Amino acid sequence: MDFSLSILVLVIPFVMFLLLGLVGMKMSHKVAGWLGTVAMGVTTVIAYGIAFTYFFGTGQGQIAEGVRQQIVACDYTWLAITDTLIIKLGVLLDPISAMMLIVITTVSFLVHLYSIGYMHGEVGFQRFYAYLSLFTMSMLGLVVATNIFQMYIFWELVGVSSYLLIGFYYTTPAAVSASKKAFIVTRFADLGFLIGILILSYYAQTFDFLQLTGEPTSVIQSAGGATFLGGSVMAWALALIFMGGAGKSAMFPLHIWLPDAMEGPTPVSALIHAATMVVAGVFLVARMFPLYLQETAVLELITIIGIVTAFYAASVAMVQSDIKRVLAFSTISQIAFMITALGVARPEYHEGVGYMASMFHLFTHAMFKACLFLGAGAIIHAVHSNEYTAMGGLRKYMPITNITFLISCLAISGIPPFSGFFSKDEILVAAYHNSAFYGIALSVIAGMTAFYMFRLYYLIFWGEERDYGDHKPHEAPAVMTIPLIILAAVTVVAGFIPFGHYVTWNREAFDIHIDWTVAGTSIAIALVGIVLATVLYRKPSAVPTRMADSCRWLWRAAYKRFYMDELYMFVTHKIIFALICKPIAWFDRHIIDGTMDAFAHVTHYASSKIKGLQSGLVQNYVTVYFIGAILLAIVTWLCVI
Amino acid sequence: MFGCGVYGFITRKNMIAILISLELMLNAVDINFAVFNRYLFPGQFEGMIFTIFAIAIAAAETALAIAIIVNIYRVAKNIDIRDLNKMKF
């Protein structure tokens, strides 16, 4: 397929957004839903065509000396502000963007299809599809960006569409505050991103990814060794850019928005808050990876943040009772795995396996986590509650959901032959290569992952059967189960993709070797986690409650997410609001407003004093006029003399 | 004569009387024009022509003023200037 068609991938969803957003209310739900889905299907086909042509095509110059070339499919000068400051919009095809095209369009298409069933009869159905199209367009624009400025534009657009979709049920106060929280936290992080972009491009004199990543050494040296607070300026710029990525990818301590974002409809959680938007931070670091390699201190920082986040999120996920929250924390934890994999990746270890592992995990995670979320959506659809206390024994009622959920749980736990095993194994290999400590930490977290996923699985599908009353839960309609089956099928086979042939840090192919010492350990740890969860939660038992009671404070702290939200509330309300905002508000109210009020008061006072002059009696005016005229005449006469 | 006009304009209550005072002032000005023209610049006629203009305009203005007064009388049943003080603050 011709690469110039790639612009269609952006145009079709955008046109659908305009169409559904402007005239959607005139359509019936059915027409709007299927129109959006079919358009997304067309986009998916085009994106697949482009990606497959990129990976398997034999066009000229696609692979030169074993290195996959980066192809600029189109480049349009949008703003030429000065000769050097030129902002372009275009499409850049390289392994990671081609892979992301597949991930985004697949998940987006399946979510479109699924939503026809899930959102059936909701108010604002057409609006939902318009927002989905907007999101898809923005996300695709983000991954194919040719320069960092275009990426920033689409970066903000995905933020906006995420905000709109989280706040989709805008009559619920929880959804409104969750959408605001998500927007403000990511915006705050994007401030760092913007400053980073400005510093970087100020020294490098370019926004273009090809120039930035093609000549990383000269870009780093363009700062001329300038330093700031002990670090080089470029390291600061890259750290600030990572801050933007950390905000979008919900890295500790900027993760607080993601669990609350689950207030949005479940398909949205699957599309945005599991598979695509939240991996934008990983994608960003991967995109700028040659630059990060020049500043290894930043990579160390990224690794540490990744490990802390992975551990924190996994421990919180073990005790949550809302199934979507568990999945949200598991998403945070898995993204932290990807971030860590990038942080530990060095070209000297095993051909930079961490980079490949990160992208591989991104791919597999998108599939199985979307499957988990859509499965959770089907369950919520059936029992009308998010709490596991309202579920149990659902395996009899929802066999398809049960099996797809189980497959995804096995994948995320890292059990072969499911896809998660392969990608997680590569991450662990990369971590052990870098340092044994990182490797062991990640192995432990992988065990925790297996435990909390199977805790969730057993609590939903096994355990005590609830009294569902007259309204028995039933299997979801076909439009909802088909996406689940497709995603589960992908999850089963995706691990066998020779990812190392396609996506590597220097775009040279290499073969993945499974390191059986690492793989064996990780399987063993995952099995321990699963067995533990089976023992505790398969049958209703009092042991989990007793364990929770025995260390009450720890359980409570984890349940309350280690008081991170309270900490944020304390910092924002008690410190920032009280110490900074209150004085500023006082200054505004009393000094600035006071000055303006004083002007008004003086004018008002003066006018009330002199208003008696306007008596309405014409003869008074004439008298005053004459007196004035005479006085003027006298003054003039005196001056002349 | 101009002074008489001013005095009348300020002190009279009746609007017709005020109008008459106004005419008095205008005529005083006209006479001044004519006289100063005659004695200071005997060869020129600007002052005379100006006077003729002023007389014509004064006639029009008087007609207008009378019309206004008639209308005021219709509305207010009164042409005392001191009672017409609606246009104040």
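Is A:Arg287 buried or exposed? With a relative accessibility of 5%, A:Arg287 counts as buried, because buried means under 20% relative accessible area. Keep this residue in mind, for we will come back to its partner shortly. Please also remember that what you see is a predicted model.

Let us begin with the whole chain. Chain A holds 25 helices and six strands. Taken along the principal axes, its C-alpha atoms fill a box of roughly 115 × 65 × 50 Å. Chain A has 641 residues, and 55% of them count as buried. What does the outside look like? The chain exposes about 26,400 Å², and carbon and sulfur atoms supply 70% of that area. Charges are present too: there are 33 positive and 34 negative ones, and the mean positions of the two groups lie 12 Å apart.

Now think about how the chain meets itself. Among contacts in chain A with a separation of 6 or more, 79% are between residues 24 or more positions apart. A:Ile102, in helix 3, gives you an example to look at. In sequence, A:Ile102 and A:Phe363 are 261 residues apart, yet their C-alpha atoms are 9.0 Å apart in space. Leaving aside residues up to four places away in sequence, A:Ile102 touches A:Tyr48, A:Ala51 and A:Phe363. A:Ile102 has 12% relative accessibility, so this residue counts as buried.

Next come the salt bridges. How many are there over all chains? The count comes to seven, and we can visit three of them. In one, A:Asp94 pairs with A:Arg287, the residue from our opening question, and the closest N and O atoms are 2.6 Å apart. A:Asp94 sits in the loop between strand 4 (86-93) and helix 3 (95-118), while A:Arg287 belongs to helix 12 (residues 280-287), so this pair ties together parts that are 193 residues apart in sequence. A:Asp94 is buried as well, at 4% relative accessibility.

Another salt bridge joins the side chains of A:Lys248 and A:Asp190, at 3.9 Å from N to O. Here two helices are involved: A:Lys248 is in helix 9 (residues 233-248) and A:Asp190 in helix 6 (residues 173-204), and the linked residues are 58 residues apart. A:Lys248 is buried, with a relative accessible area of 1%, and A:Asp190 counts as buried at 1% relative accessibility.

The last of our three is the salt bridge between A:Glu300 and A:Arg346, with 3.2 Å from N to O. Since A:Glu300 lies in helix 14 (residues 296-317) and A:Arg346 in the loop between helix 15 (323-344) and helix 16 (353-383), the pair ties together parts that are 46 residues apart in sequence. Look at the two ends of this bridge in turn: A:Glu300 is partly exposed, with a relative accessible area of 31%, whereas A:Arg346 counts as buried at 8%.

Finally, let us turn to the surface. Which residues make a nonpolar surface patch of about 790 Å²? They are A:Leu567, A:Phe570, A:Val571, A:Ile575, A:Ile576, A:Phe577, A:Leu579, A:Ile580 and A:Ile584. To find the patch in the model, start from A:Leu567, which is placed in helix 24 (residues 564-610). A:Leu567 counts as partly exposed, because its relative accessibility is 45%.

Definitions and conventions: Residues numbered from 1 in each chain as written. Chains lettered and ligands numbered in written order. Predicted model: local features only at pLDDT ≥ 70, side-chain atom pairs only at ≥ 80, totals over all residues. Heavy atoms only, no water. Patch = residues over 30% accessible without salt bridge, like charges linked within 9 Å, V, L, I, M, F, W, Y side chains within 5 Å. Areas by Shrake-Rupley, 256 points an atom, 1.4 Å probe, with all protein chains shown as cover. Salt bridge = Lys/Arg side-chain N within 4 Å of Asp/Glu carboxyl O. Helix = DSSP H or I, 4+ residues; strand = E, 2+ residues; numbered from the N terminus. Buried < 20%, exposed > 50% of the residue type's maximum accessible area, 1.4 Å probe, protein only. Contact = heavy atoms within 4.5 Å. Lys, Arg positive; Asp, Glu negative; His and termini not counted. Charge placed at Lys NZ, Arg CZ, Asp CG, Glu CD.
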